[in-house]
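Q: I'm just starting out with protein structures. Could you take a close look at the sheet in this one and walk me through how its parts fit together?

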Amino acid sequence: MMMVSIRLPFEKKRLMVPKGYFAVYVGVEKKRFVIPLSFLNQPSFQQLLSMAEEEFGFTHPMGGLTIPCTQDTFIHLTSLLQ
């Protein structure tokens, strides 16, 4: 059996998310972070999700989940969860 390598365009590769992870957009700049699904079970991360629901409802401007906090706050919180 011959293996075929499929090359995806750079932009498509950049947007791919590994299994067990999901992408969120954070801060005013809407920086994209790829984080583990296990974060969804954490109470502190659930608070961020509640903030996102209050601010955006279920319509997110980036087409993905947008978290309304600063990047520094998000990085600090996620570093505590790892």
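A: Here's a walk through the sheet, its strands, the helices beside it and a patch on the surface. Keep in mind that this is a predicted model.

Let's start with the strands. The sheet is open and built from 3 strands, and their order is β2-β1-β3. The pairing is mixed. At the edges you'll find β2 and β3 (65-67), and each of these pairs on one side only. Going from one strand to the next, the twist averages 40 degrees.

Now zoom in on how β1 meets β3. Strand β1 covers residues 21-26, and 3 bridges join β1 to β3. These two strands run parallel. If you want a spot to click on, try Val24: its bridge partner in β3 is Leu65.

Next, the helices. Helix α2, residues 43-56, packs on the sheet and touches β1, β2 and β3. The direction of α2 makes about 100 degrees with that of β3. Then there's helix α3, made of residues 71-81, which lies across β1, β2 and β3. Compared with β2, helix α3 runs at about 10 degrees.

Finally, hop over to β2, which spans residues 31-36 and holds Val34. Together with Val17 and Tyr21, Val34 makes a nonpolar surface patch of about 220 Å². Why can Val34 count towards a patch? Patch residues need over 30% relative accessible area, and Val34 fits because it is partly exposed, with a value of 36%.

Methods. Residues are numbered from 1 along each chain as its sequence is written. This is a predicted model: local features need pLDDT of at least 70, side-chain atom pairs count only at pLDDT 80 or more; totals for chains, interfaces and linings use all residues. Side-chain values use heavy atoms; hydrogens and water are left out. Patches are made of residues with over 30% relative accessible area and no salt bridge: like charges are joined within 9 Å, nonpolar side chains (Val, Leu, Ile, Met, Phe, Trp, Tyr) within 5 Å. Accessible areas come from the Shrake-Rupley method with a 1.4 Å probe; for residues, only the protein chains shown count as cover. A salt bridge is a side-chain nitrogen of Lys or Arg within 4 Å of a carboxyl oxygen of Asp or Glu. Helices (H or I, at least four residues) and strands (E, at least two) are DSSP runs, numbered from the N terminus. Buried means under 20% relative accessible area, exposed over 50%, partly exposed in between (1.4 Å probe, protein chains only). Two strands pair if DSSP finds at least two bridges between them. Axes are lines fitted to C-alpha atoms, for helices over the stretch in contact, and angles run from 0 to 180 degrees between N-to-C directions. Contact means heavy atoms within 4.5 Å.
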